[in-house]
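This report describes a single protein chain, with attention to its salt bridges, its nonpolar cores and its surface. The sequence and the structure follow.

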Amino acid sequence: MSTKAERTTAFIIETVAPVFNKHGYIGTSMSDLTEATGLTKGALYGNFENKEALALSAFEYNSKLLLNKIDEVLAQENNAMKKLQSLTTFYRNYDVFTLKMGGCPVLNIGVDAQHNNRLLSAAAKETIKTIEGKIALVLENGVNANEIRLPVTPLQFAKQLYTMIQGAIAMSTMTRDRKYLINTITYLDHLVQEEIKK
C-alpha cells in the first residue's frame, strides 16, 4: 500500500507529464504546472527538488509507458517477422497512442532538451537506444532461428528501421498529416517482407 506522499508524487508526475511533453522544458512554466495539478508551487517543490527533477520524472514516466507498450506488442507473437509486423502495426497508430501523452516523448523531449537540458537530452537518447536494442534483439533472434536474413548487423538494421519510423513521426507531427506515418509504415512493411524474409 502506497503512502499519501507517494500517491501525491505519482499524481504530480502523471498530471504534468503531458504538459512538459507538449510545451517542452523551457516552455512549461510553474503556473502551467500549478494549474494542471491544482497544487501550489510550494507543494510541487515539497515533492521535487526543482523544475528539472520534475521534468525528468515526467519524461521517465512517459518513456516507461512507451517502453512497456513496445514490450507488450513484441510479446504478442513468437517469431521475428510477426513481431516486426506487430511493431509496425503499433506505430501505424502511434499518434493515437501518444495523444494523451501530448505527442511522442522521444521526439518532443529529444528535440526540445537538446540545447537546454543535458539530463533530459541524455534520458531521451537512452530511450532511443533501448528501443533500438529491443528491435535488434528481435532481429538477432530471427537470424538465429533462420527466419530472416539481414544485409547488415541486427543493431544497424534496427537503427535504420527506427530512424525511418521516427522520421515519419516527426514529419507527421510537424505537418499534422498522419499520411506521412501511415505511408512510411506501409513502405516499411513491404521493405521487411522483401529484404529480410527468408
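## Salt bridge within helix H4

In this predicted model, Lys 69 is partly exposed, with a relative accessible area of 24%. The side chain of Lys 69 meets that of Glu 72 in a salt bridge, at an N to O distance of 3.2 Å. Glu 72 is likewise partly exposed, at a relative accessible area of 44%. The two residues are three positions apart in helix H4, and are therefore separated by about one helical turn.

## Salt bridges between distant parts of the chain

By the rule applied here, the count of salt bridges comes to six. One of them joins the side chains of Asp 95 and Arg 178, with 2.7 Å from N to O. This pair links distant parts of the chain: Asp 95 belongs to helix H6 (residues 94–97), whereas Arg 178 sits in the loop between H9 and H10, 83 residues apart. Asp 95 counts as partly exposed at 26% relative accessibility, and Arg 178 is partly exposed with a relative accessible area of 31%.

A further salt bridge connects Glu 132 with Lys 159, whose closest N and O atoms are 3.3 Å apart. Glu 132 is in helix H8 and Lys 159 in helix H9, so this pair ties together parts that are 27 residues apart in sequence. The burial of the partners is as follows: Glu 132 is buried, with a relative accessible area of 9%, while Lys 159 is partly exposed, at 36%. Glu 132 is classed as buried because its value falls under the 20% limit.

## Overall architecture

The protein chain contains ten helices and zero strands. From the N terminus on, its elements accordingly read α-α-α-α-α-α-α-α-α-α. Taken along the principal axes, the C-alpha atoms fill a box of roughly 60 × 40 × 25 Å.

Of the 198 residues in the protein chain, 42% count as buried. Among contacts with a separation of 6 or more, 68% are accounted for by residues 24 or more positions apart. The protein chain exposes about 10,700 Å², of which carbon and sulfur atoms supply 54%.

## Nonpolar cores

In soluble globular proteins, nonpolar side chains tend to be buried together. In this model, the largest nonpolar core has 37 residues, and those with the most contacts inside it are Leu 66, Tyr 91, Ile 131, Ile 135, Leu 139 and Ile 196. At least two residues of this core are supplied by each of helix H4 (51–75), helix H5 (80–92), helix H7 (105–112), helix H8 (118–144), helix H9 (154–175) and helix H10 (179–195). The largest share, eight residues, comes from H9.

Leu 139 illustrates the contacts of a core residue. Not counting residues up to four places away in sequence, Leu 139 touches Leu 84, Ile 148, Leu 150, Pro 154, Phe 157, Ala 158 and Ile 196. Another core, of 21 residues, lies apart from the largest one. Its members include Phe 20, Ala 55, Ala 113 and Ala 123.

## Helix H9 and the surface patch

Helix H9 contains Ser 172 and Met 174. Which of these two is buried, and which is exposed? Ser 172 counts as buried at 9% relative accessibility, whereas Met 174 is exposed, with a relative accessible area of 62%. The latter classification follows because the value is over 50%.

Leaving aside neighbours within four places in sequence, Ser 172 is in contact with Asp 177, Arg 178, Tyr 180 and Leu 181. Arg 178 is also the partner of Asp 95 in a salt bridge. Tyr 180, together with Met 171 and Met 174, makes a nonpolar surface patch of about 310 Å².

## A buried glycine in helix H7

Gly 110 is found in helix H7. At 15% relative accessibility, Gly 110 counts as buried. Not counting residues up to four places away in sequence, Gly 110 touches Pro 105 and Ala 124. Ser 31 lies 79 residues from Gly 110 along the chain, and the C-alpha atoms of the two are separated by 23 Å.

How values were computed. Residues are numbered from 1 along each chain as its sequence is written. This is a predicted model: local features need pLDDT of at least 70, side-chain atom pairs count only at pLDDT 80 or more; totals for chains, interfaces and linings use all residues. Side-chain values use heavy atoms; hydrogens and water are left out. A nonpolar core is a set of buried Ala, Val, Leu, Ile, Met, Phe, Trp, Tyr and Cys residues joined through side-chain atoms within 4.5 Å. Buried means under 20% relative accessible area, exposed over 50%, partly exposed in between (1.4 Å probe, protein chains only). Helices (H or I, at least four residues) and strands (E, at least two) are DSSP runs, numbered from the N terminus. Contact means heavy atoms within 4.5 Å. Patches are made of residues with over 30% relative accessible area and no salt bridge: like charges are joined within 9 Å, nonpolar side chains (Val, Leu, Ile, Met, Phe, Trp, Tyr) within 5 Å. Accessible areas come from the Shrake-Rupley method with a 1.4 Å probe; for residues, only the protein chains shown count as cover. A salt bridge is a side-chain nitrogen of Lys or Arg within 4 Å of a carboxyl oxygen of Asp or Glu.
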